[in-house]
Amino acid sequence: MISTWVSVIVMLVAFVDGVRNEDGIQPCAQIQTSSSLVPMGSPVSATCIIRKDCPLVIGRAVQIEWRLGDRILPSSPGANESSRVSQVVIPSFSHTRAFLTCCVQASTVQVVAGVEIRAGYPPAAPQNVSCQTNLTTPITLTCRWDPGEQETHLLTKYTLHTEIWDTNENHSYDLLPGVHDFIIPRSGFVLYSDMEVYVKAVNELGEATSVPIILEPVSEAKFDPPNILNIEVPPKKLGCLKLRWSLSKNEAWIMDCCLNLEVRLRTADSIQWSQRPIPMNKVRTTRPSDLCRLLHGTWYVAQIRVRYKQSPWSEWSSSQSGVTLESAPTGRLDSWMKVSRDEMNDKLSIQLFWKPSKQFRANSQNVSYTVIAQKLQSERVKLCSTTGNYCTFHISSRAKKVYLSAVNRAGKSPPTEVRIYPPKAVTGISDVSVVPQDDTSLLVKWSSQVSSSRTGFVVEWKPLLNPDLSLTQFEKADKNQTSLVITGSFEPYKPYGISVYPRFKDGIGLPQTVNAYSRQKAPSMVPKITIKKTWQSNIELIWDEIPLDQMNGIIKNYKVFYWNEKGVINVADANPKERKVVLTNLDDVTLYDAFMMVSTFGGSRNGSTINFETEPFDVVSVLVIAIASLVGLCFFIIFIVMGCSSKHKRLKGHFWPVVPDPANSSIKRWTSESTQDSFLASDNEEPTPVYLSHLSFLDIPAKLRKENHDDVWLNSPEDTSDLGESICGSPLIPGYSGSNSDSVPYATVIFSDPCSSPTPSGPPVYLRSESTQPLLETEESFSPKCYQNMATDERPTEQCFFGPSHDCVATEGKDLHLLWDDFPFLRALAINDSEND
């Protein structure tokens, strides 16, 4: 638009400055140029000739000036009266179009002539000519091409030319500017005849023709997606399917044409199609196609596409499914066994998990699994049968292995031997960590100690919010591995327990377990803060643990923000495992606001705000408590010092009592004279201590004495445990069967008359008893082993030793005083008689 206006202005100026003659108005000057259209970058020369009768140059010397657009060009020397011609040369014209003007410099610069010069490129040969046939009604042939990347800057005309070889028909089709495709009608081609197609491009600088292509229109047709009619299972052909198909309704007329077919398959439990489709060449729609070499007993989903020779492939058809014939399972199963011992029943509790190995083929849609233990050569015990991927059972601790097999209607797979290894209380694993790779995989890392007996590792993972054992998965790793990428359908924001077990030659070690998330975010809730304890300028806050299903990630930290009316915000960090925090250095009698922020590795959430007020500082109470504590400590120290240094026997005996030894009692050395003298001593004198801690005195009621005068042993007034079991039983004698093997024998003296009676009617009776009172174990016991009743009629001339009946030996000629001295317990009876007197 601008160039047009410039051209108009130049022409107007030239005519205004022109002269009038008989032929009309003539321009003052004329420009002669080599060409007004030149190839881009080529040189351009021009000559400006000024007329003699031009009013601008009559009678004056003028200077001619050249301009290309707004730019002044160097030219030949200025014109004078005799020479009004000027020349200019442009070495490289790089504009698509520009105005070259000739000007005269008088009082002002006047344009006297001008010309427009254009530049461009000749057309490039069209590239990538291709045609595609549309077989739907109406049938057409669409051809396309690429004009090239270089712009010609000139108007270029394209023409499509076709030549049918069988009929020698030629057709040319003119195209609109800027259009690079054309639809040839059905009358312009024959489906099954070869034809030549090329494109010609023409502009003002030249022309170019594309490389001709030879094609058969039907071979360039893109068929509509075909239809799978059905998929049948051929009888007695394992791993084969029979596929029947047809073209679309618009292409049903091509029934006898041989087409190329491709089939892609996937199993029903997979979302990935086979990497390489199955090719089937020269097939007809009237004949079914067989697909073989497939897995047995597998449910397949199939899609097909067609083309004619090298034509473009059609789009994939809709899906159809079919199941191949079943056969017995093949291959082995990967297994993982967890064993725990039941010591009470001598049994092993076993959890057995399995999964198909890379070589395993179920060869059936309905497969179950059996676990069998073999006790004897011919006896087999089925422990479990299930369609799942795990089994739990109990087995004898002497069992060494079980057998795992897959079963379907066609047969059973070879058994997989699974060794039973008892658990080992050792572990060589530490620093287990989990790093998410993406939403479907996690990277598990661990450290391990060097061990020659270790054979590998087992990585086990399961969702923590679902206790179903069938969701447990595992993967085995080599003994030299320290990391493993596990894959599965991990749900974001859900916790998974990941355990790493060491495997040894003779067992499975203890695991190291961590919780992991494939993706984390802020917790769904924040626990409520509770005030547990307040004292002076401190306060302790506690809170409950966030439920596992609302954590949404691993808790990184708890932060408590608190402030008073002054507005200064303080932050206290809490240990995630302790779930408590102590706020210190608070102001007295001040109202505080606080809230808690819980953070995971995926975000943070703030809780609600609580209020609390600190207590005043009670100086008096603190002083009273401190003084009371100090006084109590002083009294305790003084009491301990006095007790340790005091010589007062009663005080000292209260804390350090003297434990008597019945075998070395001072009663043994008493005499009747000394005993009598001891009771005649004055009250002021301290009596000689008589230790009778091993003797007890019982008074039998009169009624009982009358009824059972002859047998005191069988008619005791009450059944007391301290009377012992047998009068001759003793822990010092072999065969003793007392109720308490740790007890120490004591003696009980039973009087036929009350102790307060003046004179006993007969000698006392001794009963042996037991007690748990500790004796001096380092001293040798001198107590008699056993005691027998003394004669109640009169004092005999022969005395009997208080021992077993078979050990009782009569002694003659001994002084009675010596006998009493030898038996301290009898001497005690004499003391008792004197006291009663």
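**Disulfides, rings and a nonpolar patch**

Let me begin with cysteine 48 and cysteine 102, which form a disulfide with their sulfur atoms 2.0 Å apart. Please keep in mind throughout that what we are looking at is a predicted model. The torsion about the S-S bond of this pair is about -85°, so the disulfide is left-handed. The link joins distant parts of the chain, since cysteine 48 belongs to strand β5 (residues 44-50) and cysteine 102 to strand β9 (residues 97-105), with their positions 54 residues apart in sequence. Both cysteine 48 and cysteine 102 are buried.

How many disulfides does the count come to? It comes to 5 disulfides, and I will go through two others. One of them joins cysteine 131 to cysteine 143, with an S to S distance of 2.0 Å, and with 105° about the S-S bond this link is right-handed. Here cysteine 131 sits in strand β11 (residues 127-134) and cysteine 143 in strand β12 (residues 140-146), 12 residues apart. Cysteine 131 counts as buried because its relative accessibility is 6%, and cysteine 143, at 0%, is likewise buried.

The other disulfide I want to mention is formed by cysteine 384 and cysteine 391, whose sulfur atoms are 1.8 Å apart. Cysteine 384 is buried, with a relative accessible area of 12%, and cysteine 391 is buried as well, at 4%. Two further cysteines are worth placing beside these: cysteine 258 is partly exposed, with a relative accessible area of 32%, and cysteine 634 is also partly exposed, at 39%.

Let me turn to the aromatic residues. A search of the whole structure finds 12 aromatic pairs, and among them is the pair of tyrosine 592 and phenylalanine 612, which is stacked, with 5.6 Å from centre to centre and 10° between the planes. Why does this pair tie together parts that are 20 residues apart in sequence? The reason is that tyrosine 592 lies in strand β47 (residues 591-600), whereas phenylalanine 612 lies in strand β49 (residues 610-613). Both partners are buried, tyrosine 592 with a relative accessible area of 3% and phenylalanine 612 with one of 4%. Elsewhere, Phe561, Trp563 and Phe595 form one aromatic cluster.

Two rings also have a charge over them. The charged end of arginine 266 sits over the ring of tryptophan 273, 5.0 Å from its centre, and lysine 424 lies over the face of phenylalanine 504, at 5.9 Å from the ring centre.

A brief word on glycine 567, which is found in the loop between β44 (555-563) and β45 (570-574). Is glycine 567 buried or partly exposed? At 46% relative accessibility, glycine 567 counts as partly exposed. Its C-alpha atom is separated by 9.8 Å from that of aspartate 593, although the two residues are 26 residues apart along the chain.

I will finish at the surface, where Leu633, Phe636, Ile637, Phe639, Ile640 and Val641 make a nonpolar patch of about 590 Å². One of these residues, isoleucine 640, lies in helix α2 (residues 619-645), and at 42% relative accessibility isoleucine 640 counts as partly exposed. Patch residues must have over 30% relative accessible area, so isoleucine 640, at 42%, meets that cut-off.

Notes: Residues are numbered from 1 along each chain as its sequence is written. This is a predicted model: local features need pLDDT of at least 70, side-chain atom pairs count only at pLDDT 80 or more; totals for chains, interfaces and linings use all residues. Side-chain values use heavy atoms; hydrogens and water are left out. Patches are made of residues with over 30% relative accessible area and no salt bridge: like charges are joined within 9 Å, nonpolar side chains (Val, Leu, Ile, Met, Phe, Trp, Tyr) within 5 Å. Accessible areas come from the Shrake-Rupley method with a 1.4 Å probe; for residues, only the protein chains shown count as cover. A salt bridge is a side-chain nitrogen of Lys or Arg within 4 Å of a carboxyl oxygen of Asp or Glu. Helices (H or I, at least four residues) and strands (E, at least two) are DSSP runs, numbered from the N terminus. Buried means under 20% relative accessible area, exposed over 50%, partly exposed in between (1.4 Å probe, protein chains only). Rings of Phe, Tyr and Trp (its six-membered ring) pair if their centres lie within 6.5 Å; planes under 30 degrees apart count as stacked, over 60 as edge-to-face and the rest as tilted. A charge sits over a ring if NZ of Lys or CZ of Arg is within 6 Å of the ring centre and within 35 degrees of the ring normal. A disulfide is a pair of cysteine sulfur atoms within 2.5 Å.
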